[in-house]
Amino acid sequence: MIEKHVLCQERVRRVPPHFSWIDHRLVRDDYLLRADAKAWALYLVLVTVGDERGLSYYSDASLGRLLSLNAEQVQAARGQLVAASLVAHETPLYQVLALEGAGR
């Protein structure tokens, strides 16, 4: 078994006061299988820019520029995240949703 040790003490992650980490259950509970890499790139941006309730209002054009995606790719990525119940969307708002069973 590999013994873990901090490689760079001066750069140890701390939970920022304005938000939290991405939920590890995305990996452990196979959420990553629910969408492709473009959708996960969009998810990462939405998690990063969202407020404490997961809300943000970046336009599709802005998201496309940030991610080097065209309008159809942004729409497809968003559709995958909505279908996987990871985000809700009502133009102009996005909400990153709590994962199912978040209270367990």
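These are my notebook entries on one protein chain, a predicted model.

**Entry 1: the outline**

I began with the elements of the chain and found 4 helices and 3 strands. Reading from the N terminus, I wrote down the order α-α-β-α-α-β-β. Then I looked at burial: of the 104 residues in the chain, 27% are buried. For the accessible surface I noted about 7,600 Å², with carbon and sulfur atoms holding 56% of it. I also checked how far apart in sequence the contacting residues are. Taking contacts between residues at least 6 apart, I found that 59% join residues at least 24 apart.

**Entry 2: the core**

Next I asked myself: which residues have the most contacts inside the largest nonpolar core? The core has 22 residues, and the names I copied down are Leu26, Trp40, Leu42, Tyr43, Leu46, Leu81 and Leu86. I then looked up which elements supply this core. H2, helix H3 (60-67), helix H4 (71-83) and strand E3 (93-96) each give at least two residues. The largest share is from H2, with 7 residues.

I picked Leu86 from that list and traced its contacts, leaving aside neighbours within four places in sequence. Leu86 touches Leu26, Tyr31, Trp40, Tyr43, Leu81, Gln95, Val96, Leu97 and Leu99.

**Entry 3: the rings**

I went looking for aromatic pairs and counted 1. Its partners are Trp40 and Tyr43, set edge-to-face, with 5.1 Å centre to centre and 75 degrees between the planes. That angle counts as edge-to-face because it is over 60 degrees. Where do the two residues sit along the chain? Both are in helix H2 (residues 37-49), and because they are 3 residues apart there, about one helical turn separates them. I checked burial too: Trp40 and Tyr43 are both buried.

While on rings, I stopped at Tyr31. Arg34 lies over the face of this ring, at 4.1 Å from the ring centre.

**Entry 4: an arginine inside**

My last stop was Arg78, which I found in helix H4. Is Arg78 buried or exposed? Its relative accessible area is 12%, and the cut-off for buried is under 20%, so Arg78 counts as buried. I wanted to know what its side chain meets, and I found a polar contact with the side chain of Asp60 at 2.8 Å. Not counting residues up to four places away in sequence, Arg78 touches Leu42, Asp60, His89 and Tyr94. I had already met Leu42 on the list for the largest nonpolar core.

Note on methods. Residues numbered from 1 in each chain as written. Predicted model: local features only at pLDDT ≥ 70, side-chain atom pairs only at ≥ 80, totals over all residues. Heavy atoms only, no water. Buried < 20%, exposed > 50% of the residue type's maximum accessible area, 1.4 Å probe, protein only. Contact = heavy atoms within 4.5 Å. Areas by Shrake-Rupley, 256 points an atom, 1.4 Å probe, with all protein chains shown as cover. Phe/Tyr/Trp six-rings, centres within 6.5 Å; stacked < 30°, edge-to-face > 60°. Lys NZ or Arg CZ within 6 Å of the ring centre and 35° of its normal. Core = buried A, V, L, I, M, F, W, Y, C linked by side-chain atoms within 4.5 Å. Polar contact = N/O pair within 3.5 Å; in protein donor to acceptor, adjacent residues only side chain to side chain.
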